Amino acid sequence: MTRRGAPPPVRPGSRTLRLRLARAFLLATLLPATLPFAPSAVARAEEGAAPPATTLPATPPAAAALGFRHDPADPTDLSIAEGRLYLRIRVDDGSLAAASVQIVAGGTGPARTGPARTVAGAAVAMVRQAQADGHAAWIAALPVGVHRYRIELAPMSGDPIAVGPYEVPSGVATALPWVAHGVGYQIFPDRFFNGDPTNDARALASDAFNVDARWSGPAPVVLPSWASAPPESLCCHAYYGGDLQGILDKLPYLAAEGVDVLYLNPIVDAGSAHGYDASSFLDVAPHLGDLATVRRLLARAHALGMRVLFDFVPDHTGLGFWAFRNVVRYGPNSPYWDWYVVRRWPFEPGDATAYAGWSGVGSLPQLNTSDPGVERYLLEVARYWLTVGFDGLRVDAPNALVDGHTFVRALRSAVKSVRPDAYLVGEIWSADPSWLQGDQFDSLMNYALGRDVLLKYAKGASPLFGGRWAQTQLARWTMGQPTAVAAMGFNVIDSHDTSRLLTDLGGGDWGDTPSPSALSRERLASALLYAMPGLPVTFQGDECAQLGQKAGDLERYPVQWDACDAGMQAHYALLARLKAGLPALSDPLWLAYRGQGSVLAFLRGAPHPGQLLAAFNSGTAAVPLELPAGMWTDAVSGRSYRGQVSLPAVGWRYLVLAAGAQ
Ligand SMILES: [Ca+2]
């Protein structure tokens, strides 16, 4: 114990401990839910300076016996989001009655972090966040200025234990301030809206058909109407005419739906309708528009308070890419020879046996990102589009990259040096924390959350994937990543790379009529997506209840605006209004509550008025849910409940803890 050491040990149940925990709870309640965000904290995190090596204090044997684990250098245990320092510990499940954080020193951090705060000597209660696999996580939200603290554990049996003190390292992983508040929407430009029919035919001149020597199918085509069925043999080379002007035209619609983050599939000149086979990383696809249109789109979106993400494809080019064509022509004498991994030359473009391609595909020759020239060029490309005005990058296929982690670290430095608040999202389909340690991506595309957990639960098809299962999965998800990363989650259930949400939920294939129960399941799944920390991202047309299986490009079929389901549109607009209007839905804190039968329920935000209980029922009969203490008001109906509430069949509720009704 040092002079500033922890208070003397107290017995569980003793008056001293009760007073101390009551004081901690009071402080947690009184601290403002959202402290002013300090942009300098981002700058500090982005400087990339290695934190000074800190020595972990020895864990007392009594704490070790509880399975106690905490390391302030691990972002999973300590990170900053929404102006709070989130501190987490892990113990054996069922071992703790209470825990708190004693602030030993704080509020006098580096001047750059903003006004000093004096909070030393205060205690903040920890709350039990979740439990899975025999472990439990406890978490506290502290003021950002804290730089030394001690953790006090009240075990279920035995004397309280003080652990620490710990030092907050410099450069704590920090969430971007805007992502957690957003509502996202993915646009596949050729299939969204045709705002300029005069550019439609330009797709044919750019198509890979013109450069692929191994082309065996029919010629690409611009389809005669927005409702034309895609010819099966023409995956990716049937163009519908959608374009950037179409996105501009639809911005008021997107704003009315509450969307404020747009993710655009590739807009650069490429050999297909999907655009992942670029002929240029810098030129806009002529059938989508031109740079002036891009600038107008970004300016208008920004004026509406929206941000726009660029789809960046560092892994491969198309056959028409200028450097690849140079290699085809000049072989080893090409200055770009080392940009690709060529096995033999001469070769025909499209011959997958002659060079490395993404997933072995001949039309997608892989770039050698370990080559310094390639890296330099790609980083220039990324910086360029941010300079044009994009607010972040979605990075295609990073786990396919040559030496991907090294490249993404360099990419992050380049991106954040141009735009410290730019959002960097990696297309990784699994829950892989190796990309999320603060030095690479802000988030992955969270299919691992949306498809592997939320979708399986929302299907309601199997008791194996009921409420208890989902709660355990979400507990693992939450405990396995930094709070700052969860707050920046790019959360998707479907995209241009999967079958559509409503099809996955039993609504049928393209051309079918979805049943009312499938529509209810889409409302359930989307309400669940919107209730998780981070950015919920909807694929274009899901708000229209559009169907499409992953076959023959039907998952990417153009949005049929004339047949848009008004009820589903209203539902998504409602979710966006709720997200904007309920601060708890932007709070980084996720707390497990109930997983039982068909019921899944969790809390968002700290336990004080305004906390949100998100409750879901994937079963086909209404079920009761026992409520936590206090009066809970349904955010949609306005009705208040105490003690218990009924969850409708295949239904959901967002319930808000009322003030003064504890
Ligand atoms: Ca067009």
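## A tour from strand β20 outward

Begin by selecting Arg604 in the predicted model: Arg604 stands opposite Leu612 in β21. These two residues belong to a pairing of β20 with strand β21 (residues 612–617), antiparallel and held over six bridges.

**β20 itself.** Select residues 599–604, which make up strand β20. Is this strand enclosed or open to the outside? Six of its six residues are buried, so β20 is largely enclosed by the rest of the structure. In a regular strand, side chains alternate between the two faces of the sheet. Colour Val599, Ala601 and Leu603 for one side of β20, and Leu600, Phe602 and Arg604 for the other; all are buried, so both faces are covered.

**The hairpin with β19.** Now add β19, residues 590–596. β19 and β20 run antiparallel and are joined by six bridges. Among the bridge partners, Gly595 is matched with Leu600, and Gln596 with Val599. Two residues lie between the strands of this hairpin, and Gly597 in the turn has a positive phi of about 55°.

**The whole sheet.** Show the other strands that belong with these. The result is an open sheet of six strands, ordered β19-β20-β21-β24-β22-β23, with antiparallel pairing. Which strands stand at the edges? They are β19 and β23 (640–647), and each has a single partner strand, so one side of each has no neighbour in the sheet. On average, neighbouring strands here are turned by 20° against each other, direction ignored.

**Helix α15.** Next select residues 566–581, the 16 residues of helix α15. At 1.5 Å a residue this helix should span 22 Å, and its end C-alpha atoms are 22 Å apart, which agrees. Colour its buried residues: Met568, Tyr572, Leu575, Ala576 and Lys579. They cover an arc of only 95° around the axis, which puts them on the same side of α15. The face turned away from that buried side carries the exposed residues Ala566, Gly567, Ala570 and Gly581. To see what covers the buried residues, show α14 (516–531) and β18 (535–539), which are included in the cover.

**A second sheet.** Move to residues 96–106, strand β3, and residues 146–155, strand β7. Nine bridges pair these two strands in the antiparallel sense. Pick out Ala98, which stands opposite Ala154 in β7. Both strands belong to an open sheet of four, in the order β4-β3-β7-β8, again with antiparallel pairing. At the edges are β4 (123–125) and β8 (161–167), each of which pairs on one side only. From one strand to the next, the twist averages 25°.

**Where to read with care.** Colour the chain by pLDDT. The mean is 90, and 89% of the residues reach 70 or more. Which stretches stay under 50? One is residues 1–52, for which the model has 87 contacts beyond four places in sequence. Another is residues 108–119, with 26 such contacts. Where pLDDT is low, the predicted coordinates should not be read in detail.

**The full view.** Finish with the whole chain on screen. It has 15 helices and 24 strands. Of its 662 residues, 52% count as buried. Among contacts with a separation of 6 or more, 72% are between residues 24 or more positions apart.

Definitions and conventions:
Residues are numbered from 1 along each chain as its sequence is written. This is a predicted model: local features need pLDDT of at least 70, side-chain atom pairs count only at pLDDT 80 or more; totals for chains, interfaces and linings use all residues. pLDDT is the predictor's confidence in each residue, from 0 to 100. Two residues are in contact if their C-beta atoms, placed from the backbone, lie within 7 Å. The expected span of a helix is 1.5 Å times one less than its number of residues. A residue is buried if 20 or more other C-beta atoms lie within 10 Å of its own, exposed if 12 or fewer, and partly exposed in between; C-beta atoms are placed from the backbone. The arc is that of the directions from the helix axis to the C-beta atoms. Two strands pair if DSSP finds at least two bridges between them. Axes are lines fitted to C-alpha atoms, for helices over the stretch in contact, and angles run from 0 to 180 degrees between N-to-C directions.
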